[in-house]
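I opened the model to take notes on its overall build, one metal site and one hairpin. The entries follow in the order in which I looked things up.

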Amino acid sequence: MFRPSRRTLLKSAAVAGAYGAGMALLPRIHVALAAPNPILLEARNIDTMLDGKGLTRKVMSYSDGRSTEAAPPVLRVQRGEKFAATLINTLDEPSTVHWHGIRLPNDQDGVPFLSQPYVYPGDRFDYAFSPPDAGTFWYHPHCNTLTQMGRGLAGMLIVEDRNDPVFDGEVALNLRDWRLGGDSQFIDQFKPRDAAKTGTFGTVRTANWQLAPTYDAPAGGLVRLRIVASDVTRIFNLKLDGAEADIIAIDGHPVPERMPLDMVVISPGQRLDLAVRMPDSEGGVATLADIRPSTPKAVASLRSVGTSLKRDLGDLGPLAENAGVDIDMANATEIPLLLSATAENAGKDSICGTLGYSFWAINKKPWPGDSADPMDPIAELKLGKSYIFNVENVTPHAHPIHLHGMNFKVIASNKRSIQQPLVSDTYLMLPDEKVRLALVADNLGDWVFHCHIIEHQKTGMTGYMRVV
Ligand code: C2O
Ligand code: CU
């Protein structure tokens with residue numbers, strides 16, 4: 001996953017004499033990524049090693065026909081440029097792709113029944129959009145989601161901006177677990193009693209489908225570490241040992257003020273971008289660890305190579321900005337959204353899978369499952385108008401709540417102070433937290449709002465907003 005940065009490439013070009021002294025005057029070239037257009041993204045079953053012991057059968061992955069890794073490819077596009085991908089479904093069940101965090105037209109959003117037909121085995125579906133925001137995003141199915149994501153379908157989508165500061169390297173980390181038994185094969189994806197609480201945890205933890213991998217990066221250099229929490233359940237408390245790092249973006253969006261990384265919580269659906277200052281000495285290691293469990297677990301490491309570049313975190317210019325969320329507070333309409341537990345209305349059978357239980361609800365209504373006649377929208381929003389979601393979590397569990405198609409701004413919480421402006425698409429609701437999320441309804445269509453602990457999503461904690 002390590003890729004040389006523009007800086008490294010420019011440097012080697014200069015060494016090779018290709019640009020000579022005029023280099024600094026050249027437009028900032030962008031190397032590579034003459035992606036075939038569209039990318040052919042095949043969802044398929046494979047057998048691969050995940051636990052370091054044996055082959056796991058019927059793992060699901062995406063292939064773009066170019067990456068040689070078993071894990072889904074890291075897709076890249078420039079902000080504002082056209083991204084096109086054709087999903088080719090060779091699974092033996094229907095699927096779709098949702099582009100998490102990307103503001104795109106409703107019919108490209110990948111929610112079966114609501115925004116597109118599900119894609120049958122053997123069929124394909126063409127996605128195309130031009131992402132307006134730069135940052136770290138990801139993609140995953142929205143059909144039989146617990147099984148399909150649980151078995152591997154989740155990849156990173158990186159939207160680059162040519163004006164971003166120059167790093168000496170970049171590492172993308174896709175963090176997720178697997179529910180495997182001692183024989184390396186999948187076990188039941190969930191336990192009902194856990195689905196009614198925190199969700200069911202995996203048994204094998206991976207980064208980029210590997211057990212605590214190590215990536216090389218230039219000694220003393222600045223590395224952009226892009227992290228996505230793609231696990232269906234796990235919330236991470238991340239800490240970095242052995243190197244200094246700054247948090248530079250959360251959920252794709254640059255933070256207003258960089259802060260040194262002490263410990264940071266990221267929950268399913270969320271992303272985190274760090275600027276890591278690599279150790280000076282060759283072989284020096286920085287280790288990212290999850291300290292949420294009582295025994296901290298190594299997630300991945302970076303190892304210094306070469307002689308120190310002697311860079312400084314303070315040298316790093318700001319990330320290119322995203323549009324932000326411009327609220328008309330004086331005229332904003334408030335919408336209450338209550339997250340609660342329920343036992344009513346066990347999920348209905350659906351071609352996109354049901355867990356057969358109902359444990360959770362939004363505004364007292366448990367989502368019955370994906371179907372051709374979904375329940376009414378939670379609210380109808382008027383295009384261009386401002387809204388404040390007053391979300392209240394009255395359960396004793398945390399819920400990373402996610403809105404499709406639009407960004408919101410977190411205005412206030414009764415539990416923590418919010419660095420302003422915090423723009424996001426996924427917010428971790430703590431137990432008993434009340435939060436105000438402000439947004440402008442600037443994207444037409446039906447947009448799902450759900451918990452990203454997939455068992456919660458699939459047992460009721462889902463609804464949608466209609467923008468008309
Ligand atoms: Cu990651 Cu409904 O989404
Ligand atoms: Cu939840």
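I count a residue as buried when its relative accessible area is under 20%, with a 1.4 Å probe and protein chains only as cover. The model is predicted, and I keep that in mind throughout.

Entry, copper site. I looked up which protein atoms hold the copper ion (ligand 2). The donors are ND1 of His399, SG of Cys451 and ND1 of His456, at 2.0 to 2.1 Å from the ion. Along the chain I read their spacing as H-x51-C-x4-H. I then checked cover for two of these residues: Cys451 is buried, and so is His456.

Entry, burial and surface. Over the whole chain I find 59% of the 468 residues buried. The accessible surface is about 18,200 Å², and carbon and sulfur atoms make up 52% of it.

Entry, overall build. I list four helices and 31 strands. The C-alpha atoms fill a box of roughly 70 × 60 × 45 Å along the principal axes. Is the radius of gyration what a compact globule would have, or not what it would have? The chain has 22 Å, which agrees with a compact globule, because 468 residues would give a value near 23 Å. For contacts between residues at least 6 apart in sequence, I note that 75% join residues at least 24 apart.

Entry, hairpin. I followed strand E15 (residues 244–250) into strand E16 (residues 253–260); the two run antiparallel and are joined by four bridges. Opposite Ile247 I find Met259 of E16. Two residues lie between the strands, and Asp251 has a positive phi near 50° in this hairpin.

Terms used:
Residues numbered from 1 in each chain as written. Chains lettered and ligands numbered in written order. Predicted model: local features only at pLDDT ≥ 70, side-chain atom pairs only at ≥ 80, totals over all residues. Heavy atoms only, no water. Donors = N, O, S within 2.8 Å, 3.2 Å for Na, K, Ca; no water. Buried < 20%, exposed > 50% of the residue type's maximum accessible area, 1.4 Å probe, protein only. Pairing = 2+ DSSP bridges. Rg over C-alpha atoms; globule rule 2.2 N^0.38 Å. Contact = heavy atoms within 4.5 Å. Areas by Shrake-Rupley, 256 points an atom, 1.4 Å probe, with all protein chains shown as cover.
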